[in-house]
Structure formats: C-alpha cells, structure tokens
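Student: I have a structure open and would like to talk it through with you. Could we take it step by step?

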Amino acid sequence: MLNDNQMNTFAYLRLIIKEELLAVRELLIEQRWLIILLVVLLGALIYYLNPFPPRSIAIAAGDQNGAYWKTAENFSRYFKDNGVDLELVEASGSIENAELLAKNDQNVRIAFLQGGSLDPKESSRFYSLGSIAHEPLWIFYRKNLPKHPSSFEDLSHLRVGVGPKLGGTQRLFHEVLQLNGIDSTKLPNLVLSSYPENLQAFLDGKLDALVKVAAYHDQAVQSLLRDSNTQLLSIPDASAYQKNLPYLTAQTIPINAIDIEKQLPSKPVSLISTTSTIIVDKTLHPDLQMLLLVASRDLQRSSPFLFFSKRGEFPAYVDPTVEASPTALHYYDYGVPPGMRYLPFWLAGFINRMWVLILSIIAFTYPLAKLNFKLREIRYQIKHRRLYEELLGTELFLCEKSPPASELNRIADRLRNLNREAINVRVPVGSEAEYFALLQAIELLRSKVRERLEAA
C-alpha cells in the first residue's frame, strides 16, 4: 500500500511531466519553422550517410557446377543469417560475371572475377574487395596421345578446349601463350565452348587437352585429377610467369598430395595460379561490402577446402588489376568495426555509419538534459522577462523624472494591465515563488505611483 506522502509524490511527478509536455508543445509551435528546417537538414544528412543497406541483392556466380557457385551458396546462407537475401545469378564465366555487374542486370551488385580477366578500362568500373582463393591454371591432356605435351609450344599443336568466350580461362591462356611467343588468335585448334561442353568433348576424345582456371575443389577438376585416362601437365618454369604477370603466383602439388592411397600425383606438379576476386559495384553499400569481407574471412577460416592456401590467408588484396574498395582497405588496415563483433549486422552498420551524427546529437542534448525538467520554468521566466524589463524601465523613469499627473495616470493604467497580464499567464509547477515575486514587484511600483499622484 502507498502512503499519503508517496501518493502525493507521484501526483506531483505526474503534474511536472504534464507541465513539461505542455512547455514542449508550446516551444514546438513557436519554433515550428526552425524545427522543420532542422528536420529537413537531419533527413538530408541521413540520406547522404546512407545508413541502411538494401535487404536484397544478387551475385554473379558463374556456372552452377563451378567453385564460384558453391562459394556463392555459402555466402547466401551467411547473408541470410544476417537478414540479407543474396540471390545467385548464373553466367558462362568470369567475364560475363563482370558484364552482368556492369549492367546491374538482375540486381547484380557483386561478382566473382578471375584475376587478370579484365583489361584496365574494364576493371576501372568496379571495386575489388580482395581475393578469396587461389585458382590454378589446370591443363589436362589425354594419356593416349602419340606424344605427351611438355610445354605451351606442344599444346599449340593440339585440339584444346579453353572454355567460353566470356570466361576468364581463354584470356589467361592467351596471355600465357603470348609470353611464349605464340599468338592464340592464329591457332585453329582452340575450341571456345562452355566448360561442361568442353569437358564432355574432352572425355569423348574430341579434344586432346582441356584448360580451365578453377579452384582446387571445382567438381570437374576433382574428377579429372582422378581420371586414369588423363594427365595433369606440369608447367615448366612456373615461377617465371609470376614475374611477368602481377596477378600470377607459382604453386606446387607435392607427391601424393591429391590421394595418398592412389599415390596421386606420382611426382611434384608445378602450376601457375591466379586468384578468385570479389568485385562490386562502386555504389554498393559499405555495410554490405564489410559483410562480404567478414563472410569471406569466416567461411575461409572454417572451410575444409584449403589445398593451396593457409587458414586465415584470405581475404587479401593481392591482385592489383582492380582498384581496392575504400571499405576493403579500411578492413585490411583496421579489421572488422568493433560494433560488428558484438551487435546484429543492421545495428552495427547503422552505428558505424552514423556515429558522428550520434555523438553530435548526444553533445547537443546532454546540456539540455542537465536542465532536469526545467523547461516549464525557463519558458515561464522568458514570458515574464518582458514584464520585468518594463517594470525596471518604469522604475528608472520615476527615479529620474518628475512626470505630471497625466503621465502618472497613464503609468498607473499600464501597471494595472501588467498585473492582469501576469495573473492570466498559467503558472507551472515550481514557479509559484516567481509568480508572487512578480505580483509583489508590480504592486510595489503601483504604490509608488499612487504616492506621486497623492503628492501631486
């Protein structure tokens, strides 16, 4: 049970809150144009800072049987856990991925790109978030060939499948052949077709060799590595290629590393490798870019497919052919924003984007909060300040001058009106003393005027 004192306290607090709300309403009405201007400016600032990312985007993920697609599926699940719908869009290869991104076709804002697939003019349209995996240049040939190829010169005389026209494999193969003094445009036996069609033609004996740039866990690569009718070409002087093309590195498959029981490979195999890179539209929301980087880190950390890379090696900005995103550079320099480690994605992103505004609002509202529910009293004092100023002016006038009776009567009438005006103003809780002090000051001055009139 509440005693009378507690009930009186609650009633008093309710009255204070009511008076404060009335004072706020009056302030809003009086300063409505200024408040409207501030709201418009705040809205414009929020729009400029763009704190809220879209909830649905698409990623160009290449062929459904390829490693890109499997990685994109993992990204999609990760995004869904964070409240974002990531749709997968199929494409014939790396270059078509980039074309879909450039056109923003089917809401594609993200794409996988094979390192070195684009020329500088094409790559300038995008940002890179960094590489997420090694992608070797796999060259398989049939074991029943009269002469096994041992160099790119030997390959130039064979029927070779190099993937689709809009895939990255044929472009990388073209550049590698150029380094060997071979013009691929003059080779009649290079077959441009989809990766599945190339694979089937190779298995049917219609192709002598098959070239594909893909991650180690690519389905076709895994199948061919274990096919007893095919052989993986070891590239001589693999280290020399990384000195000539900035997006290439030399890789080695140790003896028995593919299958210890079957002793595959029977001797070390040297390969040249590029990387798979995440590229994004330059207008993609920074929070989604950061989510991609965090997803890449977490998925690579827990991935069982780390044949060529070390755990924690990716994501990393190792392919300079596409400009790095400012968000990616911030991630590589400072890591994940602290908020994303403890808060939900949408809230962490909001705080990360709006912290300057939030701090500004706190800095502005903290002094106001120190007023401790005194807006009602401040506004009451503001209303009566004019009355006090008029009383002070009248007091000085009476002290310095000796006005005639007519002027004294005018002053008396004015003081009577001021007294009525003071009485008609609503007195908020806590301002009773100021109210009676004002009435006392008016009455004191009226007494002086009456004394002057009686003396006159």
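## Walking through the model

Tutor: Happy to, and a good place to begin is R386, which counts as partly exposed because its relative accessibility is 39%. Keep in mind that this is a predicted model.

Student: Which residue forms a salt bridge with R386?

Tutor: Look for an acidic partner whose oxygen lies within 4 Å of the arginine nitrogen. The closest N and O atoms of the pair are 2.1 Å apart. The partner sits in helix α16 (residues 405–424) and R386 in helix α15 (residues 375–400), so the pair ties together parts that are 35 residues apart in sequence. The partner is E421.

Student: Is E421 buried, partly exposed or exposed?

Tutor: The class follows from relative accessibility, with buried meaning under 20% and exposed over 50%. E421 has a value of 28%, so E421 counts as partly exposed.

Student: Which residue does R414 pair with in a salt bridge?

Tutor: R414 is in helix α16, and the partner, 24 residues apart, is in helix α15. R414 is partly exposed at 29%, and the partner counts as partly exposed at 25%. With the closest N and O atoms 2.5 Å apart, the partner of R414 is E390.

Student: Which residues are joined into one network by salt bridges that share partners?

Tutor: Here the thing to look for is a shared partner, which links separate pairs into one network. The residues joined in this way are R297, D298 and R301.

Student: What is the N to O distance in the salt bridge of R109 and D281?

Tutor: R109 lies in strand β3 (residues 108–114) and D281 in strand β10 (residues 269–281), so this pair ties together parts 172 residues apart in sequence. Both R109 and D281 are buried. Their side chains meet at an N to O distance of 3.6 Å.

Student: How many salt bridges are there by this rule?

Tutor: Side chains of opposite charge can pair when their charged atoms come close. Applying the 4 Å cut-off between side-chain nitrogen and carboxyl oxygen, the count of salt bridges comes to 14.

Student: Let's zoom out. What share of the 456 residues in the protein chain is buried?

Tutor: The protein chain has 17 helices and 10 strands. Among its contacts between residues at least 6 apart in sequence, 75% join residues at least 24 apart. The chain exposes about 25000 Å², and carbon and sulfur atoms supply 57% of that area. Of the 456 residues, the buried share is 43%.

Student: At what angle do helices α3 and α11 pack?

Tutor: Two packed helices are described by the angle between their axes and the distance between the axes. Residues of α3 that make the contact are N74, F75, Y78 and F79, and those of α11 include L288, L291 and L292. The crossing is right-handed. The axes of α3 and α11 are 10 Å apart, and the angle is about 120°.

Student: Which side chain makes a polar contact with the side chain of S184?

Tutor: S184 lies in the loop between α7 (168–179) and β6 (190–191), and S184 is buried, with a relative accessible area of 11%. Not counting residues up to four places away in sequence, S184 touches H174, L177 and L190. At 2.3 Å, the polar contact is with the side chain of H174.

Student: Now for the backbone. What is omega for the cis peptide bond that joins L264 and P265?

Tutor: Most residues other than glycine have a negative phi, and most peptide bonds are trans. P265 lies in the loop between β9 (249–253) and β10. Another cis bond runs from F314 to P315, with omega near 5°, and P315 is in the loop between α11 (286–302) and α12 (326–334). For L264 and P265, omega is about -10°.

Student: What is the positive phi of D237?

Tutor: N107, in the loop between α4 (94–103) and β3, has a positive phi of about 65° although N107 is not a glycine. N107 is partly exposed at 33%, while D237 counts as exposed at 62%. D237 is found in the loop between β8 (230–232) and α10 (238–244). D237 is not a glycine either, and its phi is about 55°.

Key. Residues are numbered from 1 along each chain as its sequence is written. This is a predicted model: local features need pLDDT of at least 70, side-chain atom pairs count only at pLDDT 80 or more; totals for chains, interfaces and linings use all residues. Side-chain values use heavy atoms; hydrogens and water are left out. Helices (H or I, at least four residues) and strands (E, at least two) are DSSP runs, numbered from the N terminus. Buried means under 20% relative accessible area, exposed over 50%, partly exposed in between (1.4 Å probe, protein chains only). Contact means heavy atoms within 4.5 Å. Accessible areas come from the Shrake-Rupley method with a 1.4 Å probe; for residues, only the protein chains shown count as cover. A polar contact is a pair of N or O atoms within 3.5 Å; within protein, one must be able to donate a hydrogen and the other to accept it, and residues adjacent in sequence count only if both atoms are side-chain atoms. Axes are lines fitted to C-alpha atoms, for helices over the stretch in contact, and angles run from 0 to 180 degrees between N-to-C directions. A crossing is left-handed if the near helix is turned anticlockwise from the far one by less than a right angle, and right-handed if clockwise.
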